[in-house]
Amino acid sequence: MSDFVPEFKGTAEQETELKKVIDAHKSTPGCLMRVMQEAQGIYGYLPKEVQIMIADGLGVSLSEVYGVATFYTQFALMPKGKHRISLCLGTACYVKGADKILEALEQKLGIKCGECTADGLFSLDSCRCVGACGLAPVMMVDDDVHGKLTVDMLDGILDSYREG
């Protein structure tokens, strides 16, 4: 992953909503996960600025919030795109060239796996299996399965989401 950190673009309304969530739960023991889940629902991800607000609001350390955010895969530290690409890197897909597909996607989108394009249109992630091994290599874009991928197919697939 690169050192790219997107500019935090939280609004006053989002901050007010998060403060209400914190106030509603801060007297409940073990509320950190619940607050973080609701915060991610408000912001779409958990940037450092939001983690600091949670830590300060609940009276816990920033390292505790960060530790939970990085331990559980349900939490995202980077924003997600309008279209979420998830490329399978499981055994069947990898053997059939998923690594080359990933390299090409990173080049075409100008981002690394785990990042979001500057325009917010695409985010790129990998996974271990989507359960479509017979279609390897496979990627999901939102809820759409694209199988038997080749590098030559990527421009057409990406363009269909840009236009749609």
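Helices (H or I, at least four residues) and strands (E, at least two) are DSSP runs here, numbered from the N terminus. What you're looking at is a predicted model, so local features need pLDDT of at least 70 and side-chain atom pairs count only at pLDDT 80 or more, while totals for chains, interfaces and linings use all residues. Residues are numbered from 1 along each chain as its sequence is written, and side-chain values use heavy atoms, with hydrogens and water left out.

Let's start with Cys88, which sits in strand β1. Cys88 is buried, at a relative accessible area of 3%; buried means under 20% relative accessible area, exposed means over 50%, and partly exposed is in between, using a 1.4 Å probe and protein chains only. Who are its partners? Setting aside neighbours within four places in sequence, Cys88 is in contact with Cys93, Ala98, Cys127, Arg128, Cys129, Val130 and Val138, where contact means heavy atoms within 4.5 Å.

With cysteines in that list, how many disulfides does the structure hold? The count is 0, taking a disulfide as a pair of cysteine sulfur atoms within 2.5 Å. For Cys88, which is in no disulfide, the nearest cysteine sulfur belongs to Cys93 and is 3.5 Å away. Cys133 is unpaired because its sulfur lies 4.1 Å from the closest cysteine sulfur, that of Cys129, which is too far for a bond. Unlike buried Cys88, Cys133 is partly exposed, with a relative accessible area of 47%.

Now for the hydrophobic side of things. A nonpolar core is a set of buried Ala, Val, Leu, Ile, Met, Phe, Trp, Tyr and Cys residues joined through side-chain atoms within 4.5 Å. The largest one has 26 residues, and those with the most contacts inside it are Ile85, Leu87, Leu105, Phe122 and Met139. At least two residues of this core come from each of β1 (83–88), α6 (98–109), β2 (122–127), β3 (139–141) and α7 (154–163). The top contributor is α6, which gives 6 residues. Apart from this core lies another, of 20 residues, including Val21, Ile42, Tyr43 and Leu58.

Phe122 is worth a click in the viewer. Not counting residues up to four places away in sequence, Phe122 touches Gly81, His83, Ile85, Leu109, Ile111, Glu115, Cys116, Thr117, Leu158, Tyr161 and Arg162.

Next, move over to helix α3. To get a feel for the distance, take Gln51 and Cys88: they are 37 residues apart in sequence and 30 Å apart in space, C-alpha to C-alpha. Gln51 is one of the buried residues of α3, along with Val50, Met53, Ile54, Ala55 and Leu58. What covers these buried residues includes α1, α2 and α4 (62–71).

Take α1 as the opening partner. Helix α1 (residues 12–25) packs with α3 (residues 48–58) at an angle of about 35°, with axes 10 Å apart. Axes are lines fitted to C-alpha atoms, for helices over the stretch in contact, and angles run from 0 to 180 degrees between N-to-C directions. The crossing of α1 and α3 is right-handed; a crossing gets that name if the near helix is turned clockwise from the far one, and is left-handed if turned anticlockwise by less than a right angle. On the α1 side you'll find Glu15, Leu18 and Ile22, which meet Val50, Met53, Ile54, Gly57 and Leu58 of α3. These contact residues divide into 6 nonpolar, 1 polar and 1 charged. Ala, Val, Leu, Ile, Met, Phe, Trp, Tyr, Cys and Pro count as nonpolar, Asp, Glu, Lys and Arg as charged, and the others, Gly among them, as polar.

Then there's α2 (residues 32–43), which packs with α3 at an angle of about 145°, the axes being 11 Å apart. The crossing of α2 and α3 is right-handed. Leu32, Val35, Met36, Ala39 and Tyr43 of α2 make this contact with Val50, Met53, Ile54 and Leu58 of α3. The tally for the α2 contact with α3 is 9 nonpolar, no polar and no charged. Just after α3, Gly59 takes a positive phi of about 70°.

Finally, a few backbone oddities. In the loop between β2 and β3 you'll find Pro137, and the peptide bond from Ala136 to Pro137 is cis, with omega near -10°. Asp142, in the loop between β3 and β4 (144–146), has a positive phi near 55° despite not being a glycine. Asp142 is partly exposed, at 31% relative accessibility. Lys148, in the loop between β4 and α7, is another non-glycine with a positive phi, about 50°. Lys148 counts as exposed, with a relative accessible area of 53%.
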